[in-house]
Amino acid sequence: MNIQPFKLERYYTLHEHTAKYSLCNSDCEAMTIADLLSLEREAKEAFENMWLGYTHTQGSPELRRDISKIYSKITPDDLAVCTGAQEPIFLFSHAVLNSDDEVIVQIPCYQSLQSVPESIGCKVLSWSVQYEKNIPCFDIEALKKMITNKTKVIYLNAPHNPTGFLFTKEEQQAIIELARINNIIIFCDEVYRELEHKPSFAIPAFADAYENGVSIGVMSKAYSLPGLRIGWLATQNRTILEKVTMLKEYTTICNAGPSEFLAGIALRNRHAILNKNLKIIQHNLPLYDTFFTKYADFFSWYKPNAGPIAFVKMHFEINDMAFAEQAIKKKGVLILPGGVYDFNGYFRIGFGRQKIPEALEQFESFVLENLVEK
Ligand SMILES: Cc1ncc(COP(=O)(O)O)c(C=O)c1O
C-alpha cells in the first residue's frame with residue numbers, strides 16, 4: 001500500500017507526550033478506571049472477574065445495545081464496534097471503494113478521510129471550506145457540481161475537525177437529497193457529536209437520517225476516553241456492515257473485552273460525562289473570547305457551535321509550522337499548525353481540557369514577547 005504519512009498524527013507523536021502545556025487537544029478531559037467504575041454499583045467486582053477470552057467480532061451485544069441508544073433508527077444489529085475511529089475509516093474505505101471510484105471529501109480534514117481513499121487509487125475531489133467574514137461554510141451548489149457518475153462516497157465530518165463547523169438540519173437534508181438522487185453513500189465522521197454547545201445545534205446522525213448513510217462514533221472525544229480505543233460504525237445498509245465486519249477479521253478480529261466493558265459503563269452514564277465535559281468547555285470558551293478580543297490585530301477565530309476545537313486565523317507573516325515550533329521551544333506550549341492539514345495561515349486550539357487556562361496563560365506570554373513587543 002502506498003499511503004501518505006499522517007501529518008497530524010506524526011506531529012502529535014513528536015510533541016504530545018513531551019510538551020509541558022497543550023492548547024490544542026481534540027479530546028475532553030479523560031477519567032481514571034476507578035472514576036468510571038464508581039459510576040455503577042458492583043461494576044468494580046464485575047470488572048475484576050471478567051473473563052479475558054476473545055470477544056464478538058461485531059462487538060458485544062450489550063455494548064451494541066448501549067451504543068444504539070445514541071441513535072434514533074440504528075439498532076444493535078446495525079453496528080460494528082471497532083478500534084477507535086481510525087479503524088472504521090480504514091475498514092469502510094477498503095470494504096467499499098475500488099480504484100476507479102471517485103470520492104468527495106470535505107477539506108481541510110482529518111487526514112485518513114482523504115489519504116485512505118487516495119491510497120486505494122480513487123480520484124479524491126476536495127469540497128473546500130470557504131470563509132465568509134471569518135465564518136466557515138461549505139457551498140452545497142459547489143458540491144452538486146462535483147458529482148459525476150463515478151462518485152461513490154461523500155466523506156463528511158460533523159462537527160468538523162479542524163474548523164468546528166456544523167451543518168444545520170436544512171443543509172444536512174440538502175446533502176442527503178443530493179446523495180439519494182445520485183445513489184451515493186455518505187460517510188460521516190461524527191466523533192464530536194453530542195458535544196453541541198446548545199441542544200438546539202444538534203443534528204441527526206447521518207446513519208439515522210439516510211438509508212445509505214454511515215456514521216462513525218468513538219469513546220475518545222465527547223465521552224473523553226481515548227485510552228479505551230473503542231469506536232464504531234453505524235449504518236442501516238447491511239451490505240456495507242457485513243463487508244466491514246468481514247474485513248475486520250483481517251485487522252483486529254475483535255475488540256479488547258475490558259475496554260468494551262468500560263465503554264458500556266460510560267455510555268450508560270453518558271449524560272453525566274457529557275455534562276462534565278460541556279462544563280469544562282463553557283468555562284474555557286470565554287477565556288478564548290477575551291484573548292482573541294485582546295489580540296484581534298494578530299488573530300481571529302470562529303467560535304464553534306459544537307465540539308472541543310476551533311481553527312484560528314493568523315494575521316501576520318510567519319509560517320504556521322515555524323510559529324508552532326517557536327511556541328513549543330520558548331514556552332513549552334503545543335498548538336497544532338494548519339500545515340498538518342495542508343491549510344496554512346491557521347492553527348488549531350482545543351477547549352475540552354481542564355488545564356487550558358494555564359496553557360493559555362503561557363501562550364499569552366509567548367504572544368506578548370514574540371508578537372506584541374516586536
Ligand atoms: C475527525 C476525527 N476522526 C477520527 C479520529 C480518530 O479517533 P481515534 O483516535 O479515537 O481513533 C480523530 C482523532 O483526532 C478525529 O479528529
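Axes are lines fitted to C-alpha atoms, taken for helices over the stretch in contact. In this predicted model, two sites are described: a helix pair and a buried aspartate.

The helix pair consists of H4 (residues 61-68) and H11 (residues 257-268). Their axes are 9 Å apart and meet at an angle of about 30°. Angles under 35 degrees count as roughly parallel, so H4 is roughly parallel to H11. The crossing of H4 and H11 is left-handed. On the H4 side, the contact is made by Leu63, Asp66 and Ile67. On the H11 side, Glu260, Ala263, Gly264, Leu267 and Arg268 take part. By class, the contact of H4 with H11 comprises four nonpolar, one polar and three charged residues.

The second site centres on Asp208, a residue of helix H9 (residues 206-209). Its relative accessibility is 6%. Buried means under 20%, so Asp208 counts as buried. Leaving aside residues up to four places away in sequence, Asp208 touches Tyr71, Ser72, Lys73, Ile74 and Gln236. Two backbone nitrogens are reached by the Asp208 side chain. That of Lys73 lies at 2.7 Å, and that of Ile74 at 3.0 Å. Thr75 is 133 residues from Asp208 along the chain. The C-alpha atoms of Thr75 and Asp208 are nevertheless separated by 9.9 Å.

Conventions. Residues are numbered from 1 along each chain as its sequence is written. This is a predicted model: local features need pLDDT of at least 70, side-chain atom pairs count only at pLDDT 80 or more; totals for chains, interfaces and linings use all residues. Side-chain values use heavy atoms; hydrogens and water are left out. Axes are lines fitted to C-alpha atoms, for helices over the stretch in contact, and angles run from 0 to 180 degrees between N-to-C directions. Helices (H or I, at least four residues) and strands (E, at least two) are DSSP runs, numbered from the N terminus. Angles under 35 degrees count as roughly parallel, over 145 as roughly antiparallel, 65 to 115 as roughly perpendicular and the rest as oblique. A crossing is left-handed if the near helix is turned anticlockwise from the far one by less than a right angle, and right-handed if clockwise. Contact means heavy atoms within 4.5 Å. Ala, Val, Leu, Ile, Met, Phe, Trp, Tyr, Cys and Pro count as nonpolar, Asp, Glu, Lys and Arg as charged, and the others, Gly among them, as polar. Buried means under 20% relative accessible area, exposed over 50%, partly exposed in between (1.4 Å probe, protein chains only). A polar contact is a pair of N or O atoms within 3.5 Å; within protein, one must be able to donate a hydrogen and the other to accept it, and residues adjacent in sequence count only if both atoms are side-chain atoms.
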